[in-house]
Amino acid sequence: MFWKKYGDYITSIFFIVVSIAMIMAAKALPKSKIMKLGPDFMPTVIGIVTLVLAIILLIQTVIRSKERQTALAQEKPEECDYKKMLTSLVLILIYVFILKPVGFIISTLLYLLPQFAALAPADKRTRKNITEWAILDVVFTLVVFFLFRYGFTIVLPAGIFTISL
């Protein structure tokens with residue numbers, strides 16, 4: 001009950017602090033002499049986006065605080081699905097460990113589809129949905145790869161598969 005009542009406050013404040021620390025740590029990184037975008041660019045962008053989202057969450061939480069408390073008093077506690085949580089954790093750990101040796105494209109393609117399936121409700125694991133997830137997996141992976149490679153000029157781990165475009 002405590003987490004349901006104060007969870008969004010705790011989460012938003014935690015991420016505000018982490019975001020500010022991330023932005024400050026990114027500014028301490030050395031500037032690149034080779035590329036326009038240095039190693040501080042992505043951590044700063046992620047820190048700013050996370051900070052903005054955390055502030056929005058905090059504002060929404062304050063606004064909805066009263067009405068949510070009355071709704072929570074009437075609601076029964078939810079059961080946590082530990083199987084989904086553990087499956088996601090294992091998939092993330094596998095992804096992190098294979099990312100560098102195998103490369104971004106292959107490891108992300110291998111990670112996303114099982115993650116979609118693990119998080120989806122049992123009634124949504126149909127052939128149609130799995131096909132949609134596979135298409136989304138390929139499109140998302142390639143868009144992110146090309147965005148980082150050519151938009152941000154950041155090279156993701158190539159591993160055993162390299163695109164030289």
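## A tour of the five-helix model

Colour the model by confidence to begin: in the protein, mean pLDDT is lowest in α2, at 83, and highest in α4, at 92. The pLDDT is the predictor's confidence in each residue, on a scale from 0 to 100. Helices are DSSP runs of H or I with at least four residues, strands are runs of E with at least two, and both are numbered from the N terminus. This is a predicted model, in which local features need pLDDT of at least 70 and side-chain atom pairs count only at pLDDT 80 or more, while totals for chains, interfaces and linings use all residues. Residues are numbered from 1 along each chain as its sequence is written, and side-chain values use heavy atoms, with hydrogens and water left out.

**Whole chain**

Switch to a cartoon view. The protein has five helices and zero strands, in the order α-α-α-α-α along the sequence. The average pLDDT is 84, and 87% of the residues score at least 70. Where pLDDT is low, the predicted coordinates should not be read in detail.

Now show the surface. The accessible surface of the protein comes to about 11900 Å², and 73% of this belongs to carbon and sulfur atoms; such areas come from the Shrake-Rupley method with a 1.4 Å probe, and for residues only the protein chains shown count as cover. Of the 165 residues, 23% count as buried (buried is under 20% relative accessible area, exposed is over 50%, partly exposed is in between, with a 1.4 Å probe and protein chains only). Among contacts between residues at least 6 apart in sequence, 63% join residues at least 24 apart, where a contact means heavy atoms within 4.5 Å.

**Helix α3 and its cover**

Select residues 82-102, which form helix α3. The expected span of a helix is 1.5 Å times one less than its number of residues. For the 21 residues of α3 this gives 30 Å, and the end C-alpha atoms are 29 Å apart, which agrees.

Which residues of α3 are buried? They are S88, L91 and Y95. The cover over the buried residues of α3 includes α4.

Add Y111 to the selection and look at its ring beside that of Y95. A pair of aromatic rings is described by the distance of the centres and the angle of the planes. Rings of Phe, Tyr and Trp (its six-membered ring) pair if their centres lie within 6.5 Å; planes under 30 degrees apart count as stacked, over 60 as edge-to-face and the rest as tilted. The count by this rule comes to seven aromatic pairs.

One of these is a link between distant parts of the chain, so select F41 and F152: the ring centres are 5.6 Å apart and the planes stand at 55°, so the pair is tilted. F41 belongs to helix α2 (residues 41-74) and F152 to the segment after α5 (127-151), 111 residues apart. F41 is partly exposed, at a relative accessible area of 25%.

Return to Y95 and Y111, whose pair is also tilted, with 4.7 Å from centre to centre and 35° between the planes. Y95 lies in α3 and Y111 in helix α4 (residues 104-119), so this pair ties together parts that are 16 residues apart in sequence. Both Y95 and Y111 are buried.

Next, add F148 to F41 and F152: the three form one aromatic cluster.

**The α3–α4 junction**

Select S107 in helix α4. Its relative accessibility is 0%, so S107 counts as buried. Leaving aside residues up to four places away in sequence, S107 touches Y95, I98, L99 and V102.

Step back to G103, in the loop between α3 and α4. G103 follows α3 and has a positive phi, near 105°. Is G103 buried or exposed? G103 is buried, with a relative accessible area of 0%. Its C-alpha atom is separated by 4.9 Å from that of P157, 54 residues apart along the chain. With residues up to four places away in sequence not counted, G103 touches I98, P157, A158 and G159.

**Helix α5 and beyond**

Select K128 and E132, whose side chains meet in a salt bridge at 3.8 Å, N to O. A salt bridge is a side-chain nitrogen of Lys or Arg within 4 Å of a carboxyl oxygen of Asp or Glu; a search of the whole structure finds one. K128 and E132 are four residues apart in helix α5, separated by about one helical turn. K128 is exposed at 59% relative accessible area, and E132 is partly exposed at 41%.

End at T153, in the segment after α5. T153 has a positive phi of about 50° although it is not a glycine, and at 36% relative accessibility T153 counts as partly exposed.
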